[in-house]
Amino acid sequence: MSTASADNDQIQLPDGTVNSLPFDSTPMDVALGISEGLARSVIAAETGGRIVDAVRPLGELAEDAQPVPLKLLTARDAEALGVLRHSAAHVMARAVMRLYDGVSLAFGPTTEGGFYYDFDLEHKISEEDFPAIEAEMKKIIKDKEPFERFILDRDEARKLCDDINKDLIVEHIDTGLADQSTVSFYRQGEFVDLCRGPHIPTAGKIKAIKMMSVAGSHWKGDTSGRQLQRLYGTAFFDKK
């Protein structure tokens, strides 16, 4: 057992082990301290009932109470599949934006069996488009680019979204997030989206993806609002 210094946090693992680590260390650093094999397997982490990125600095996760409980999540943990699928939704949105012009993004949550993303675009997506979207997703996955989190204050966030033509997200910052002084984004390559996360360390963790269906939807479920296209997909840690 280690003793925390003024510049360190105490981290307690499920087996009761307590480690003292610098504030800028991450759950992935904890995993590396145990074994490289574990680090290769880590998908995310859980602390205080929250699922967080494996590369989130521990100083951001620390509560007033010490030590900070930390569980490293791998593909064997049920919670990890949701993290994978949320990241796969971002990959799908990125693929759609590569393939079609004039795409405006809405939201992309997970579902019980996979995920979806809502899009506003002129091209009417059909099942005939699925092979091209899946192929582009596989290219993104093959590059194994990381998901990088960053924080902006409201004015900066609004300007960023306005600059990259995310008009729906600008509206959401103005309304749905009106009480938030800062908001979080995730970047993966050229793709940037407003998002709370968490995400997998890199897209390479996705081993199987499939487009499932397409349907109509409306912005924030309001039938009087803008009509969108909702793409459903699913993802897994292995092809089995």
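1. Let me start with overall size. For 240 residues, a compact globule would have a radius of gyration near 18 Å, and the protein chain agrees with that at 19 Å. Please keep in mind throughout that this is a predicted model. Along the principal axes, the C-alpha atoms fill a box of roughly 60 × 45 × 25 Å.

2. On burial and surface: 47% of the 240 residues in the protein chain count as buried. The accessible surface amounts to about 12,300 Å², and carbon and sulfur atoms account for 49% of that area.

3. Next, the secondary structure. The protein chain holds seven helices and 13 strands. If you take the contacts between residues at least 6 apart in sequence, 67% of them link residues at least 24 apart.

4. One sheet is worth a look in your viewer. It is an open sheet of three strands, ordered S4-S3-S6, with antiparallel pairing. Its edges are strand S4 (50–53) and strand S6 (71–73), each of which pairs on one side only. On average, and ignoring direction, neighbouring strands of this sheet are turned by 35 degrees against each other.

5. Staying with that sheet, strand S3 (residues 44–47) pairs with S4 over four bridges in the antiparallel sense. If you would like a residue pair to click on, threonine 47 has arginine 50, in S4, as its bridge partner. Helix H1 (residues 27–34) packs on the sheet and touches S3, S4 and S6. The direction of H1 makes about 90 degrees with that of S6.

6. Now to the cysteines. How many disulfides does the model have? The count comes to zero. As a reminder, a disulfide is a covalent bond between the sulfur atoms of two cysteines. The cut-off used here asks for a pair of cysteine sulfur atoms within 2.5 Å. Cysteine 161 is in no disulfide, and the nearest cysteine sulfur, that of cysteine 195, lies 12 Å away. Seen from the other side, cysteine 195 has its closest cysteine sulfur in cysteine 161, and the 12 Å between them is too far for a bond.

7. A last point on these two residues: are they buried or exposed? Cysteine 161 has 0% relative accessibility, so it counts as buried. Cysteine 195 is buried as well, with a relative accessible area of 10%. The cut-off behind both calls is that buried means under 20% relative accessible area.

Terms used. Residues numbered from 1 in each chain as written. Predicted model: local features only at pLDDT ≥ 70, side-chain atom pairs only at ≥ 80, totals over all residues. Heavy atoms only, no water. Pairing = 2+ DSSP bridges. Helix = DSSP H or I, 4+ residues; strand = E, 2+ residues; numbered from the N terminus. Axes fitted to C-alpha atoms, helices over the stretch in contact; angles between N-to-C directions. Contact = heavy atoms within 4.5 Å. Buried < 20%, exposed > 50% of the residue type's maximum accessible area, 1.4 Å probe, protein only. Rg over C-alpha atoms; globule rule 2.2 N^0.38 Å. Areas by Shrake-Rupley, 256 points an atom, 1.4 Å probe, with all protein chains shown as cover.
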